Every structure is written in structure tokens, then in C-alpha cells.
Amino acid sequence: MKTPLVVLLASVAGCLSGASADQPPSPSTGQNACRVPDNRVLGPRMSERPLPLLSGDAAHGFRPACTVPWSTLSPDKQSLPVVGCYQDNLLQLANDAACGPGTGRLWVSIRWVRTSGEQQRAQSTPTATCQRLETGTYAATRDFPATPCTPPGTAPDGDANAARPAATAAAPSLPTPGATATTPAAPSAATPRPER
Amino acid sequence: MSMGGAGGLGRRVREARPRLVRGALHSLLLAAVALFFLNFNLVGTASPSKRYSQDLVYAWFGDEAWLYPRPRAPAPGRAAAPHVVVVMIDEQALALRGARWPAPVEFHAQLLAELEVLRPRGILLDFLLIDPAPRTDICDLLGVAARLRAGGTALYLAVTQPGDLATLQAAACLDASGTPLSVDRVFTPVSVQRQADDSDFVGRHYPFEQRDDRQAPGEGITSAAVRMYCDATPAPKGCVTRLTDAMPANAGFELAWSPTGDPFNQRWAAGSCVETVSPLRAILNKPALPRESRCPPVATLFARVLLNPAEDPTLSAERLFTLSDGAFFMVGGNFRGSADLVTTPLHTLLPGVYYHAVALQNLLAFDGSPKVRKEYRTPKIAFYCYDLLVLWLLAAIFLWRQQWLHGVRPLGLSPFEISPAARGWIAPFFARFPTPVWIVAATGLLLLMATYHDLQLIAVAAAIVTVIIIELRVARGSEIRERLRGLLLYLAAMCLSLAVIVGAVWVGYRWLRLPPGDWLGYFSFAAFGFFLAHTAILEFGRRIDELYAARTAGGHST
């Protein structure tokens, strides 16, 4: 009758990572940060926060080294090459001096930095979009979900938007290269009509 | 008012005084009997009733700000109110850094380094770091912890006894400048001892501190939530003293639980975080407490999401910083087979760290004055006197109702009693059947109702409707009017009693800091005629009164 939440949480974890609760734990490969060729760290996600750096390696384990601002890693604010990667969440930089001598090349979590791979993926991901037509109806690409169209410039509800998968959440504001097929959205009572 | 009128009123009051005093004394006697039975804990039966009624209040109104105020999202540009966030480590999080259960010290050091970016108000590590670990790992942990401390983040480490920090202390770590890193200076040891109610093993009760009977109040290890809350106040020592002073060793406060999950958790929870439980369900004989809520009441950030954005691509860095602004992070584990689970009244089983998280939420919600049971209060008898006062009022209403009812229905029949005319109609109806037949039929019906709960309400409703129809057909008009007046009087008395109960529970909750666990007892006394069963004591009291009066009169005459 009372299912332990640990099982429920494990199920949720399974849903998020695409694995069932019975499978052995494995890190997610959703972003595939380690498979991006010539990946580069473009900068911090939040400029005013220092970045936690790790030393070590996969064989000997990682250990916290220090925290430094982005300007310490890149004084001229240039992007930095990624020279190593671990489990899609740690990126190794060529820098081995930011935390003092003897640390070896330092690692940073992908959580705190923007990468070129991430940017490329955002640009190349096929994106469904929708558009309000002159007639007052809406047109959308075939992949657009069956949710109401939110035209560019219209602020969607923050939380509802955040809860959706990234591909659909960002859909209305991004261009769709090569998308020719359109699916006209049938006007309904909820569809606003142009003012006359 | 004329002098004559005032004189008449004074005379009437003087004349009525003995009657009023007698009525007050009789209702007091009745209330004392009721108080005794409310607290008559034969084989522990009184406790589950109080705890269940407390759970019902939180299930029905736990998301109402007047019962359980919780911090709201701050206005733009305003500092966030202190709030609690659970950071959950699981196997996937460990795997992201190549670690396995049990979470190694080095993993905690790495996680603390990541959490440092978020600049929380405080961090609790709900892990016992008592196993031997490499010195370098311990020094890494202490180094990061010292950095966090220096940055204004308070750090707390779970212990079960004072010597639990010895392993960390033995590493004799030094910081970058060569100064020894003292464990005591970077980590505040806190107790993570849990208490469950004996009757159902539910975690409603949070200890102030962990100490044995030989220690004086305040000498034990302060519980995690208490220490974290007090350290955030202007006078931490005074706060701890205030909460632990004059308390027995096992004392604690009651945890208010909200049936509603934290909205942040909707991003990962499988079910809805908005749980509504209507009191109507209890009346309709349905389960009155929420079933398995898949959305805990405290915002939960999975460590694997923190370490790997791909786990939840929609969780932006900005949202993370908003979540952590002014937050107390409570880092706990959710590992299969670790058995670190707590049974909660409204969310079934949750990982153990939620126990401390909800306790801290309670302290924040009630400004450091959480609800404490009468058993742990000083002077204890004063709080039972409050109970007696409430019951006295209810008893007075009951006696007033009885007195009026006697005036309205001089025959002395209760408004709920079947009239002689109706009895005269029903009895011959059943008498058509042989006694074994109707007794077996009635037994069968009652057995069915006992077995199938849904039948109970239907049967009760059908019986009431049938009796009303029979009464309307056979009873005299004057008798029906008399009965209606009696019923209205009963309803009026019940409404008054309910108002007294609501007021008493509110005063107890708001100003006396009592958990809302007594209302069901009050209500059952007022509603279900418990008083009726015990008015015999009044008859006995009256008889004693008469004997005393006779003896006194005899004494005077002799």
C-alpha cells in the first residue's frame, strides 16, 4: 500500500535518464559533451561567480583544487580548448597553473560553463515552430506539439515553459532551417482572430 | 434603568446564584470526567487518536498559510526569505564522478566545491563520516569546508556521538598557509537522531537535542534543524537555550507537514505536486489522508542534476541561483538498500534527510516557536488546565442543552429517540416474522455493513430516511413540532460547541504552541453523546449533594 519513495524516486530517475530503476546506475549521456569534436569552453554561465576547479583524473579520482574567476583562466576572455572529458560532465582544460603548481591539468563542471558544442547543438537541433498568419490562424511545422502556439515575442509562462523539454520550450523563437511542410492550425474558440 | 428595575435584576441574580453555581460545579465535574477519559491511555489508545486528528488537520489545511506559513518567492530585487532545499545524492550522482556507495569523503568534497558556487546560507551533510578515509581526501574536504566557512556559509555535519569527528580530526590537516584545519572550526557537529511515535512509527516529532537522562538540558548534541535555525538568528546561544531549556531528555517539537509538494519538484515529480484532501472524504468514509504523494514538501535538487545539466536541461543556472539564494542546503542520500527512510504522516516514506528539512522548515515557519506537546511543557498541569477549561465550556453547553431540551420536551424523550407511535408501528412489522428470521436477517445486514464500508453510509442514510417517513406518517403533529424544536436546539448547541472547539484549537495552536491534536477528542465528546454516557456521574454527584444538604440541615437542627 505504501510504496517507499525511494522506489518512486528511482523510477523518476529512470524516466529522466532513460533507464529503468532495476538497471545499474549509469551517468546520463543526454548531452554527449564528451563526443563533441573540438569542443571549447566559451565562458562562465554566471560571470560574477568563481568556477570550482578539480584536479586528478578518472583513474585516481578527482579532488577539489580551488575556485577561480573566469578571468584567471582566460585573462583575454578568449574561449579555451577542451583537452579532456569525463562522463559528459567534467571538462579538462589545458590550464595546470590556476590553482598553483602540482595540480596537473584542471577540470571544470559543464554546469558552470558554456561550451561551443552546446551552442552548435542548439543551432543544429531540428526545431518545430509556429507562426500566426495574416488570416488570424496559426501555422506550425509538423513536429510542433499539440499545445497552443506561442508566437515569438509573446512571453510564455515561465514555469510551464521550464517544465517542457528544451526542444519544444525554445521552439517559437528559433528559425527552422529547411522546414517547408506546414500544418495549419484549425481556428478554434480559443484562437484569437484579427481585429477588423 | 430605574432603581426599581436595577433592584429587581439584582434580586434575580441573587436568587439565581445558587443555581448558577450548582450548574457550574456540575459542568466542571462532567468536564473533569471527560478530561480523564480523553487522556485515559489504556494500552496506548489515546495517543493514536490525538496523532491521527493532528494528521487530519495538516492533511486538510496544511497548505494554508494561517496554519503552516511557508516562504513565498521573493519580490524582484528583494532578498529571499530563508528556506530549505534538499540536495539528494543517489547512485547516478556518484557514478558521474566515478564513485560508488557508500559516498566517499572525496565525493563530498567535490560536491561541496560545486555547492560553493551557489552560496547557500548553510549546508548540512546528513552523512556519518566515521569510516577511515585517506588523509588527502579528508584534507580536501576540510579545505573546501574552510573555504565555505570563510565565505559565510555555515557547515554542519551529522554525528551520533561527540567522538564521531575524531576520524576527521586525526588527519591533522593544514590549510594553504600551513595553519592546522580544525574540524570543530569548519564543521558544526549536529545530531541527526530521529524520533518516531510509538503507536505508528511515524516521524511527527523532532528532538531538540540528543542527550541522555544524566545530562542537563542544553548539554547534549543539538539536533541539526535546531542548530541550523538558531545559528541564523542574532543570538544563537540564547535561541538554543530557549528551545532546550527545562525540557525532558526525549523532548521535541511537532512537525507540521503540508500535503502539497514544493512547486520546484514538479519538474521531476511523476505525480502532481498539488495534493488536495477534502474533509468531505472523511465524512464519506473514504481515506482522509493523502495516499502516496510523489512530490515531497521540500524543494529537492538532485545532485546528478547539479553535476550534469543534461539530466535536466531546462534547469538554468539562473534558476539554480534563485533556488539557492538564502537557502539552507540539506545534503542527504537516496540509495537503494540504505534504509535511510522516514515514515511521514502525509507523504508515506521519504529519504531520511526530509525529516530534518521539514523540521527546519517548521522552525522557520513558526519563527523559532514550534508546536510542542503538553507532555513536554512546563508547568505541564497548566496546559491540562487549559484542556479542562475547554471541556468545562463544552460541558456547560451540553447541560444547557439538556436543560432546554427538558423544557421543550417535557416527556424527556431525546430528539433522536424513536417515538412510541413509531415503535408501535415498527414492532408489529417485525413481529410478522419468526424471531430467528429477523434476528438472522438483521445480523446478516450488520455483518455486510461491517465488511463493506461503502454500505455503511448507504445503510445509515436509508435507516434515517425510513424512520423519518414512519415518524411523519404515524406521529402526532405536536410531537413532530416538538421534536423539530429539539433538533434545532441540538444543532444550535452543536454549532456553539464547534465554535468553542475551533476557538480552543486556534488559541492552543497560535498562542500556546500546542499541536492541533485534541480537536477530535473534543468533537467526539460534544457530538457523539459521550457526555450522555457520563451524566450518570452527575446523578451520583446530585445524590451526594442531597445527602450533604440533608446532613448539614440535620446538623443545624440538632
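Of the 558 residues in chain B, 39% are buried in this predicted model. Chain B has a radius of gyration of 31 Å, where a compact globule with that number of residues would have one near 24 Å. Its domain assignment gives two parts, domain 1 and domain 2. In chain A, an open sheet of 7 strands is present, and a helix of chain B lies across three strands of chain A.

**Chain B: overall form**

- Chain B contains 21 helices and 12 strands.
- Along the principal axes, the C-alpha atoms of chain B fill a box of roughly 95 × 65 × 50 Å.
- Among the contacts in chain B with a separation of 6 or more, 77% are between residues 24 or more positions apart.

**Chain B: the two domains**

- Domain 1 of chain B is assigned to 20-56 + 379-419 + 475-557, and domain 2 to 88-258 + 297-371.
- Taken over C-alpha atoms, the centres of domain 1 and domain 2 of chain B are separated by 48 Å.
- Contact between the domains of chain B involves 9 residues of domain 1 and 10 residues of domain 2.
- On the domain 1 side of this contact, helix α2 (residues 46-61) of chain B gives the most, with 4 residues.
- The side of domain 1 of chain B that touches domain 2 consists, by class, of 4 nonpolar, 2 polar and 3 charged residues.

**Chain A: the sheet**

- The strand order in the open sheet of chain A is β3-β2-β6-β5-β4-β1-β7, and the pairing is antiparallel.
- At the edges of the sheet in chain A stand β3 (61-68) and β7 (113-115); each has a single partner strand, so one side of each is left without a neighbour in the sheet.
- From one strand to the next, the twist averages 45°.

**Chain A: strand pairs around β4**

- Strand β4 (residues 80-86) of chain A runs antiparallel to strand β5 (residues 90-93) of chain A, and 4 bridges join them.
- Bridge partners between these strands include A:Tyr86 with A:Leu90 of β5(A), and A:Gly84 with A:Gln92 of β5(A).
- A hairpin is formed by β4(A) and β5(A), with 3 residues between them. In its turn, A:Gln87 has a positive phi of about 50°.
- β4(A) also pairs with β1(A), in the antiparallel sense and over 2 bridges. Here A:Val41 has A:Leu80 of β4(A) as its bridge partner.

**Chain A: the loop residue A:Val36**

- A:Val36 is located in the loop between α1 (5-17) and β1 (40-44) of chain A.
- A:Val36 counts as partly exposed because it has 18 C-beta neighbours inside 10 Å, whereas 20 or more would make a residue buried.
- In sequence, A:Val36 and A:Thr115 are 79 residues apart; in space, they are 9.9 Å apart, C-alpha to C-alpha.

**Between the chains**

- Helix α4 (residues 105-118) of chain B lies across β2 (51-57), β3 and β6 (107-109) of chain A. The helix runs at about 25° to β3(A).
- Of the strands that α4 of chain B crosses, one is β3 of chain A, which stands at an edge of the sheet.

Key
Residues numbered from 1 in each chain as written. Chains lettered and ligands numbered in written order. Predicted model: local features only at pLDDT ≥ 70, side-chain atom pairs only at ≥ 80, totals over all residues. Domains from an automatic or database assignment. Contact = placed C-beta atoms within 7 Å. Nonpolar A, V, L, I, M, F, W, Y, C, P; charged D, E, K, R; others polar. Rg over C-alpha atoms; globule rule 2.2 N^0.38 Å. Buried ≥ 20, exposed ≤ 12 C-beta atoms within 10 Å, placed from the backbone. Pairing = 2+ DSSP bridges. Axes fitted to C-alpha atoms, helices over the stretch in contact; angles between N-to-C directions.
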